[in-house]
Amino acid sequence: MKAIVAVDKNWGIGKNNDLLFSIPEDMKFFRQTTLGKVVVMGSNTLKSFPNGNPLKNRTNVVLSKRVKRDDCIVATSLEELFIKIKEFDDSEVFVIGGAMLYKTLLPYCEEVLVTKVNADGDADVFFENLDKLPNWSLFSESDSLISNGKTIKFTVYKNHSVQTF
Ligand SMILES: NC(=O)c1ccc[n+]([C@@H]2O[C@H](COP(=O)([O-])OP(=O)(O)OC[C@H]3O[C@@H](n4cnc5c(N)ncnc54)[C@H](OP(=O)(O)O)[C@@H]3O)[C@@H](O)[C@H]2O)c1
């Protein structure tokens, strides 16, 4: 299982249940990476999508005790989530947020694709600072590029001690 996230210079990821920035090159990367795959999210992240609808052309899995809908796979606990995603190839599963889901599922992720945005988005929710976690290290980093006026970099972090479920 992997996670994919866009962070600001403080590892901030969102504010007022929305993203911090709109960055076309990152949206493109997110779409290309997750199309046809399984995306796992919390109910706040689902709610933050246009009209609260799941992402097209992907298998959407939502962790929630309250959401009831049949256009997504809904898991009401972590245990149920793990049973449901075991049906899929591990390499096809992407945790796509938000803060609560990233924090809970990070130990089970072998890799995180982190888009770093060199700006301060004044976030109210954060990703863990992977540079400070002993199990994690930076594996690769792209050159910087500019999209919608923001300097961004695509990086990959690897977990050296993946927890199994
Ligand atoms: N920058 C990025 O790449 C990125 C990506 C995604 C999201 N975000 C941002 O992240 C923010 C949302 O994050 P968030 O932490 O507020 O919400 P979240 O992680 O999307 O959803 C949290 C909700 O998921 C459910 N949940 C979590 N753990 C559970 C468990 N063990 N069992 C059952 N249900 C569980 C609960 O919903 P119920 O109350 O329904 O049970 C909980 O309230 C937004 O600002 C969003 O824009 C940023």
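**Exercise 1. Locate Val40 and decide whether Val40 is buried or exposed.**

Solution. Step one: Val40 sits in strand β4 of a model that is predicted. Step two: take the neighbour count. A residue is buried if 20 or more other C-beta atoms lie within 10 Å of its own. Val40 has 25 C-beta neighbours inside 10 Å, so Val40 counts as buried.

Step three: list the contacts of Val40, leaving aside neighbours within four places in sequence. They are Val61, Ile85, Val93, Phe94, Val95, Ile96 and Leu101. Step four: take one of these pairs. Phe94 is 54 residues from Val40 along the chain, and their C-alpha atoms are separated by 6.0 Å.

**Exercise 2. State which residues have the most contacts inside the largest nonpolar core, and which element gives the largest share of this core.**

Solution. Step one: the largest nonpolar core has 42 residues, and those with the most contacts inside it are Ala3, Val5, Val40, Phe94, Val95 and Tyr102. Step two: strand β1 contributes the largest share of this core, five residues. Step three: follow Val95. Not counting residues up to four places away in sequence, Val95 touches Met1, Ala3, Val40, Leu101, Tyr102, Leu105 and Cys109.

**Exercise 3. Describe the surroundings of the ligand by nearest residues, elements and class.**

Solution. Step one: there are 29 residues around the ligand, and Gly14, Gly42, Asn44, Gly97 and Gly98 come nearest. Step two: assign elements. At least two residues of the shell come from each of β1 (2-7), β2 (12-15), β3 (18-19), β4 (38-42), α2 (43-48), β7 (93-97) and α4 (99-105). Step three: sort by class. The shell holds 13 nonpolar, 13 polar and three charged residues.

Step four: check the backbone at Gly97 and Gly98. The peptide bond from Gly97 to Gly98 is cis, with omega near 0°. Gly98 belongs to the loop between β7 and α4.

**Exercise 4. Give the strand order of the open sheet that contains β2, and name its edge strands.**

Solution. Step one: the sheet has three strands in the order β3-β2-β9, with antiparallel pairing. Step two: β3 and β9 (125-126) each pair on one side only, and these are the edge strands. Step three: between β2 and β9 the antiparallel pairing runs over two bridges. Gly12 has Phe126 in β9 as its bridge partner.

**Exercise 5. For Asn51 and Asn148, give phi, location and exposure.**

Solution. Step one: Asn51 has a positive phi of about 60° although it is not a glycine. Asn51 lies in the loop between α2 and β5 (59-63). Because 4 other C-beta atoms lie within 10 Å, Asn51 is exposed.

Step two: Asn148, also not a glycine, has a positive phi of about 50°. The loop that holds Asn148 is between β11 (145-147) and β12 (150-159). Asn148 has 13 C-beta neighbours inside 10 Å and therefore counts as partly exposed.

**Exercise 6. Test the protein chain against the radius of gyration of a compact globule.**

Solution. Step one: for 165 residues, a compact globule would have a radius of gyration near 15 Å. Step two: the protein chain has 15 Å, so the value agrees. Step three: along the principal axes, the C-alpha atoms fill a box of roughly 40 × 35 × 30 Å. Step four: add the overall figures. The chain has four helices and twelve strands, and buried residues make up 35% of its 165 residues. Of the contacts with a separation of 6 or more, 67% are between residues 24 or more positions apart.

Conventions:
Residues are numbered from 1 along each chain as its sequence is written. This is a predicted model: local features need pLDDT of at least 70, side-chain atom pairs count only at pLDDT 80 or more; totals for chains, interfaces and linings use all residues. A residue is near a molecule or strand if its C-beta atom, placed from the backbone, lies within 6 Å of it. Ala, Val, Leu, Ile, Met, Phe, Trp, Tyr, Cys and Pro count as nonpolar, Asp, Glu, Lys and Arg as charged, and the others, Gly among them, as polar. A nonpolar core is a set of buried Ala, Val, Leu, Ile, Met, Phe, Trp, Tyr and Cys residues joined through C-beta atoms within 7 Å. A residue is buried if 20 or more other C-beta atoms lie within 10 Å of its own, exposed if 12 or fewer, and partly exposed in between; C-beta atoms are placed from the backbone. Two residues are in contact if their C-beta atoms, placed from the backbone, lie within 7 Å. The radius of gyration is taken over C-alpha atoms; the globule rule is 2.2 Å times the number of residues to the power 0.38. Two strands pair if DSSP finds at least two bridges between them.
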